[in-house]
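Hi,

Here is the structure I said I'd pass on. Have a look, and my notes follow below.

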Amino acid sequence: MANLIHNELTIADGATFEFPEDVKGQGRITGRIGRNAEVIFHGIDVFLTRLHLEIKDNCRLVVGKSAIFNKQTNFDMNEPGASIIIGEGCMFSRSRFWTSDFHGIYDATTGNRLNHTRDIMIGDRCWVGNDVLVLKGTEMGNDTVIAAGSVVSGKKFGSNLVIGGNPAKVIKEGIIWHHKKQDIHPDFE
Ligand SMILES: CC(C)(COP(=O)(O)OP(=O)(O)OC[C@H]1O[C@@H](n2cnc3c(N)ncnc32)[C@H](O)[C@@H]1OP(=O)(O)O)[C@@H](O)C(=O)NCCC(=O)NCCS
């Protein structure tokens, strides 16, 4: 176990930041947490290479216990008040989560904004593959794999799926996954 390194993480007044102090891996967290935001990563054998957090005021990011961050993961919450809730036992390769589009899109007739910030919810035991981008409004059930290079564009998905592509669609159903790669799932031995 190594000590968490978060000396390049700025935490504003009134914000809550909870992360297990002892993690496996490089353990670096950079970025900014805004006023009255809540950022909570639960513990138990967390593996962390690198996280970058851009969390605006009053946002909420909660990641369940036993997360594995194999490569840098970015959580960008660019407008106040959004939330990202992630279940337990999830595994992340290099990936990005965006609750906002960073710029406005408006109806050309009325001037009304069309692309409001939206929350993201990910279930338990999800595996987020390499170079995945998860956009605002995405909801996923449990035991789901997101294929490498996918863009998940704000849709709702169920459980026990492989999803992939741009925009991500269901590729396989009725699956479970395990970080061990052998002929039979360890629970079936
Ligand atoms: C998601 C993944 C695990 C699925 O593997 P698999 O179950 O063996 O799937 P298959 O290779 O049988 O592909 C099934 C279908 O999905 C498609 N597909 C697979 N990966 C895809 C991807 N990344 N994007 C879009 N479509 C994809 C295949 O073309 C195939 O389509 P078809 O049925 O029309 O022929 C694998 O494709 C993948 O993305 N691996 C990388 C995982 C990763 O990022 N690891 C980093 C370490 S955490």
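**Two sheets and a ligand site**

First off, this is a predicted model. One open sheet has seven strands with mixed pairing, in the order β7-β10-β13-β16-β19-β21-β22. Its edges are β7 (47-48) and β22 (169-173), and each of these pairs on one side only.

Inside that sheet, β16 (residues 127-128) and β19 (residues 145-146) run parallel and are joined by two bridges. If you want a spot to zoom in on, Val128 sits opposite Ile146 in β19.

Now the other sheet. It is open too, with seven strands in parallel pairing, ordered β2-β5-β8-β11-β14-β17-β20. β2 (5-11) and β20 (151-152) are at the edges with a single partner strand each, so one side of each has no neighbour in the sheet. Further in, three bridges link β14 (residues 95-98) to β17 (residues 132-134), and these two run parallel. Arg96 has Leu133 in β17 as its bridge partner.

On to the ligand. Which residues come nearest to it? There are 14 residues around the ligand, and the nearest are Gly129, Asn130, Ala147, Ala148 and Gly164. As for strands, β21 (161-164) and β22 each give at least two residues to the shell around the ligand. That ties back to the mixed sheet, where β21 and β22 are listed at the end of the strand order. By residue type, the shell is made up of eight polar residues, five nonpolar and one charged.

Shout if you'd like to go through any of this together.

Cheers

Note on methods: Residues numbered from 1 in each chain as written. Predicted model: local features only at pLDDT ≥ 70, side-chain atom pairs only at ≥ 80, totals over all residues. Pairing = 2+ DSSP bridges. Helix = DSSP H or I, 4+ residues; strand = E, 2+ residues; numbered from the N terminus. Near = placed C-beta within 6 Å. Nonpolar A, V, L, I, M, F, W, Y, C, P; charged D, E, K, R; others polar.
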